[in-house]
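Here are some notes to read alongside the model. They cover the cysteines, the charged pairs, one helix and a ligand site.

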Amino acid sequence: MSESKKVIVFGADGYIGWPMAMHLSRLGHQVVAVDNLARRSWDLEGGTYSLIPIASMETRVSRWKELTGREIVWRKLDLCDAGSLDALMSEFLPDAVIHLGEQRSAPFSMISRDHAVRTQVNNIVGNLNLLFAIHSIVPECHLIKLGSMGEYGAPNIDIEEGYITIEHNGRSDTLPFPKVPHSFYHLSKVADSQNIHFASRVWGTRATDLNQGVVYGVHTEDTALHPDLMTRFDFDSIWGTALNRFCVQAAVGQPLTVYGKGGQTRGYLDIRDTMACITLTLDNPPEIGECRVFNQFTEQFSINDLAALVASTRKRMGLQTEISHVANPRVEAEEHYYNAKHTALLDLGLQPHYLSDTLVSSVISTVERFKDRVDPILLQMPSVTWRSGGNEIWDKYANIDEFKSAGDDLLRLIDSSTR
Ligand code: NAD
Ligand code: USQ
């Protein structure tokens, strides 16, 4: 393995963050795991939950130490709290930070005005605070930031890795690739990307912006060690991605909810490949002042492809699956050209897993194991639609201060209820 580094993982209580913290710790890096537990409070707020029961961060890090002898330092901290963030950065002086700590659901960001505001304030302010902390405290630190393939939208031209060379009126320049995203959440990622690019140009920040596709699977070498080390699995209409939802719908005998025509095409990758991509990025840092962009996915599928794959895999297991096309709650192209480059991480040595080989082991087996925990209400069509511009049932708080105090109450509840 490469030299041991001091790495802070922000968003370490999340689906990707917890396996990431363990993966880096196993590789011999000194890992600080940071999260404000917002995701658990958003679950309490909306009545959603992980299909896989998840342990508290305290239990996770102590179980990890007991089983491996390795220490992960756990800190509860909000990236939007600049003073506490600066103190943390000064205390640990990281060589690299991996920034996964954002609100990551497109439907959540479209529920109401307040949800859009909370998403953009949380994500853009948190990322900006981190850029300032790096600049003022650890200017050589490598920022590894999780962006999204959805930042690009679905243009009718090939998607490049971050930059495109354009000829216009006889002149030529290489510029950030144009972005026409799918939601207020994805728009927050575009703003992050712009702020990171600016910090690299002006301050010389060393950054890699990883435009990641949809991640699936819950099993890594480390999550498999003990139930307390497992990561979350979402299946409801706000947090569950289409593939997770299809596997759960099929398991409980509901038709798969393909939104609209189902030609919506996205990039996908196995969570083990997410671990590998971020590790390769950490091991191969950019130069000072370089803002690298990698498209982080391994395969492209349309939603129809995913539904057909779930149905054919289950058929081989002797199980029936019904596919339905339902009215699309989102505003998005349902039939479109999609061809996104993704060679940079392959060139660094990524060896992908492929969904058709692993669908049973990565998703279906987990769903079968925990299907008694499924509340079918959460599989139904979402109450959130892109066109409404605000849902009165959800929109119960009038301003951001009320949201914040409600969030504090929820966090106190979580602190007292997690095991
Ligand atoms: P997740 O919601 O499971 O985890 C995110 C974590 O960040 C949560 O534990 C949350 O509490 C924490 N967090 C949020 N705001 C914070 C703040 N202000 N301060 C500290 N912690 C905060 O999400 P995930 O699926 O693990 O995604 C991680 C990152 O990867 C996100 O940035 C997401 O946008 C990006 N991403 C995810 C996917 C995917 O398919 N899961 C795909 C592309 C990109
Ligand atoms: N969809 C269905 N049926 C469903 C749920 C979704 O057809 O029951 C469709 C949606 O309309 C959309 C597509 O599936 O066209 C993808 O939606 P998704 O919910 O699976 O994923 P998405 O909203 O794109 O978001 C997820 C993660 C997000 C990440 C993004 C990567 O939640 O954090 O940024 O994937 S990407 O898609 O590349 O932008």
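1. Does Cys277 count as buried or exposed? In this predicted model, Cys277 has a relative accessibility of 1%, so it falls in the buried class. Its sulfur has no bonding partner, because the closest cysteine sulfur, in Cys291, is 17 Å away. A disulfide would need the two sulfur atoms within 2.5 Å. The search of the whole structure agrees, with 0 disulfides found.

2. Next, the charged side chains. The count of salt bridges comes to 23. One of them joins Arg104 to Asp234, with 3.4 Å between the closest N and O atoms. This pair links distant parts of the chain, 130 residues apart: Arg104 sits in the loop between β4 and α5, and Asp234 in the loop between β9 and α8. The two ends are not equally covered: Arg104 is partly exposed at 33% relative accessibility, whereas Asp234 is buried at 4%.

3. Please also look at Lys179 and Glu151, whose side chains form a salt bridge at 2.8 Å, N to O. Lys179 belongs to the loop between β7 and α7, and Glu151 to the loop between β5 and β6, so the pair ties together parts 28 residues apart in sequence. Here Lys179 is partly exposed, at 24% relative accessibility, while Glu151 is buried, at 0%.

4. A further salt bridge pairs Glu332 with Arg266, at 3.0 Å from N to O. Glu332 is in the loop between β14 and α11 and Arg266 is in strand β11, so this pair ties together parts that are 66 residues apart in sequence. Arg266 counts as buried, with a relative accessibility of 17%. Returning to Arg104 and Asp234, both belong to one network of salt bridges with shared partners, together with Arg39, Asp43 and Arg232.

5. Helix α8 deserves a visit of its own. How many of its 10 residues are buried? The count is 9, so α8 is largely enclosed by the rest of the structure. Among the buried residues are Leu243, Phe246, Val248 and Ala251, along with the polar Asn244 and Gln249 and the charged Arg245. Cys247 is one of this buried group too, with a relative accessible area of 4%. The buried residues of α8 pack against β9, β10, α10 and α12. Just after the helix, Gly253 takes a positive phi of about 80°.

6. Finally, the site of ligand 2. Which residues are closest to ligand 2? Of the 23 residues that surround it, the closest are Arg104, Ser148, Tyr185, Thr257 and Glu332. Two side chains place a polar atom by an oxygen atom of ligand 2: Ser148 at 2.8 Å and Glu332 at 2.6 Å. Tyr259 contributes a polar backbone atom, 2.9 Å from an oxygen atom of the ligand. On its own, ligand 2 has 730 Å² of accessible area, and the protein covers 95% of it.

7. It may help to view the site and the earlier points together. Helix α8, with 9 of its 10 residues buried, supplies at least two residues of the shell around ligand 2, as do α7 and β10. Arg104 and Glu332 are among the residues closest to ligand 2; Arg104 also forms a salt bridge with Asp234, and Glu332 one with Arg266.

Definitions and conventions:
Residues numbered from 1 in each chain as written. Chains lettered and ligands numbered in written order. Predicted model: local features only at pLDDT ≥ 70, side-chain atom pairs only at ≥ 80, totals over all residues. Heavy atoms only, no water. Buried < 20%, exposed > 50% of the residue type's maximum accessible area, 1.4 Å probe, protein only. Salt bridge = Lys/Arg side-chain N within 4 Å of Asp/Glu carboxyl O. Helix = DSSP H or I, 4+ residues; strand = E, 2+ residues; numbered from the N terminus. Contact = heavy atoms within 4.5 Å. Near = heavy atom within 4 Å. Polar contact = N/O pair within 3.5 Å; in protein donor to acceptor, adjacent residues only side chain to side chain. Areas by Shrake-Rupley, 256 points an atom, 1.4 Å probe, with all protein chains shown as cover.
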